[in-house]
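Let's walk through this one together, starting with charged side chains and ending with a pair of packed helices. Have the model open and follow along.

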Amino acid sequence: MKRMIERMGPADWVVKTGVGLVILALFFWIYGHQHHFPYWYHWDEEGKAEQVLTGTRNLHHPLLLVNLAEAAFRVLGNWGGYQRATEIGRLVSAGCMALAVLGWIGLAGRLRGWVAAGAVALLVGLQGEVIELAHFFKEDPALVMGWTAALCALQGYGARPNKWTAAAVGLGLGLSASAKHVGWLIVPVLVVAMATASGLERRRRWRDIGIAIAVGLALWAAINHAFFLPGHGLVLKAQ
């Protein structure tokens, strides 16, 4: 795998980037299509829309999804009520799931070739529950995106174990934990996989594990800084 990566030239990266963008756009359209149903269809969406509209945080969940939705809401025009805020949040969820599917396809392609990548695109990317989850302003697509990022980074670490690929694993961990609290459950998987990586002495393996966890904690703290503000557990007004 390492030799294959090293043989890739600029043309290969351009082609693969172009294909990746097309796949991402396709699945974003699938997941974001017909997202205009009423915001009150799911009871949990209204609370998130209120956080987007008011800049408050109720801290029921980590803040990755709500922060991304509020940023998109401001970029696309800070106007409209609950319906518009919810629809933008649904588009953010669709984007998270599309990125996750792109990660699954890429990982399958690197490990088992293009046939496996195509099978993942059809059998996983178009699976009914995946499409359903991607249509709601919920944390699950963000969680799947974070876990996928961590696993893709872990594959990269296995191919090239060093402090930079270890830091990439940490970024995936930070995204996972910032999506839902259960995102931390991937920590044992990452630790075991990195601790058993070949080609490294034991001391360097544990150094890299420490780097990954430190980067993950730092990213989690940056995204979820509201947890550290006075009045933890209360509704907080963003400054």
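Start at Glu 70, which forms a salt bridge with Arg 74; their closest N and O atoms sit 2.8 Å apart. Keep in mind that you're looking at a predicted model. Both residues belong to helix H4 (residues 64–76), and because they are four residues apart there, about one helical turn separates Glu 70 and Arg 74. Is Glu 70 buried or exposed? Its relative accessibility is 7%, so Glu 70 counts as buried; the cut-off for that label is under 20%.

Now hop over to Arg 203 and Glu 201, whose side chains also meet in a salt bridge, at 2.9 Å from N to O. The setting here is easy to check by accessibility. Arg 203 has 62% relative accessibility and therefore counts as exposed, while Glu 201, at 43%, counts as partly exposed.

These pairs have company: salt bridges that share partners tie Asp 44, Lys 48, Lys 138 and Glu 139 into one network. Within that group, have a look at Lys 138 and Asp 44, whose side chains form a salt bridge with an N to O distance of 3.0 Å. Where in the chain do these two residues come from? Lys 138 lies in the loop between helix H7 (128–134) and H8, whereas Asp 44 is in helix H3 (residues 43–54), so the pair links distant parts of the chain, 94 residues apart. Lys 138 and Asp 44 are both buried. Taken over the whole model, the salt bridge count comes to nine.Next, the helices. Two packed helices are described by the angle between their axes and the distance between the axes. For helix H8 (residues 140–159) and helix H9 (residues 163–179), the axes come within 7 Å and cross at roughly 165 degrees. Angles over 145 degrees count as roughly antiparallel, and H8 and H9 are therefore roughly antiparallel to each other. As for handedness, H8 passes H9 in a left-handed crossing.

If you want to see who does the touching, H8 brings residues including Ala 142, Leu 143, Gly 146, Trp 147 and Tyr 157. From the H9 side, the contact residues include Thr 165, Val 169, Gly 172, Leu 173 and Ser 176. What classes of residue make up this contact of H8 with H9? There are 14 nonpolar residues, five polar ones and no charged ones.

Note on methods: Residues are numbered from 1 along each chain as its sequence is written. This is a predicted model: local features need pLDDT of at least 70, side-chain atom pairs count only at pLDDT 80 or more; totals for chains, interfaces and linings use all residues. Side-chain values use heavy atoms; hydrogens and water are left out. Axes are lines fitted to C-alpha atoms, for helices over the stretch in contact, and angles run from 0 to 180 degrees between N-to-C directions. Angles under 35 degrees count as roughly parallel, over 145 as roughly antiparallel, 65 to 115 as roughly perpendicular and the rest as oblique. A crossing is left-handed if the near helix is turned anticlockwise from the far one by less than a right angle, and right-handed if clockwise. Contact means heavy atoms within 4.5 Å. Ala, Val, Leu, Ile, Met, Phe, Trp, Tyr, Cys and Pro count as nonpolar, Asp, Glu, Lys and Arg as charged, and the others, Gly among them, as polar. A salt bridge is a side-chain nitrogen of Lys or Arg within 4 Å of a carboxyl oxygen of Asp or Glu. Buried means under 20% relative accessible area, exposed over 50%, partly exposed in between (1.4 Å probe, protein chains only).
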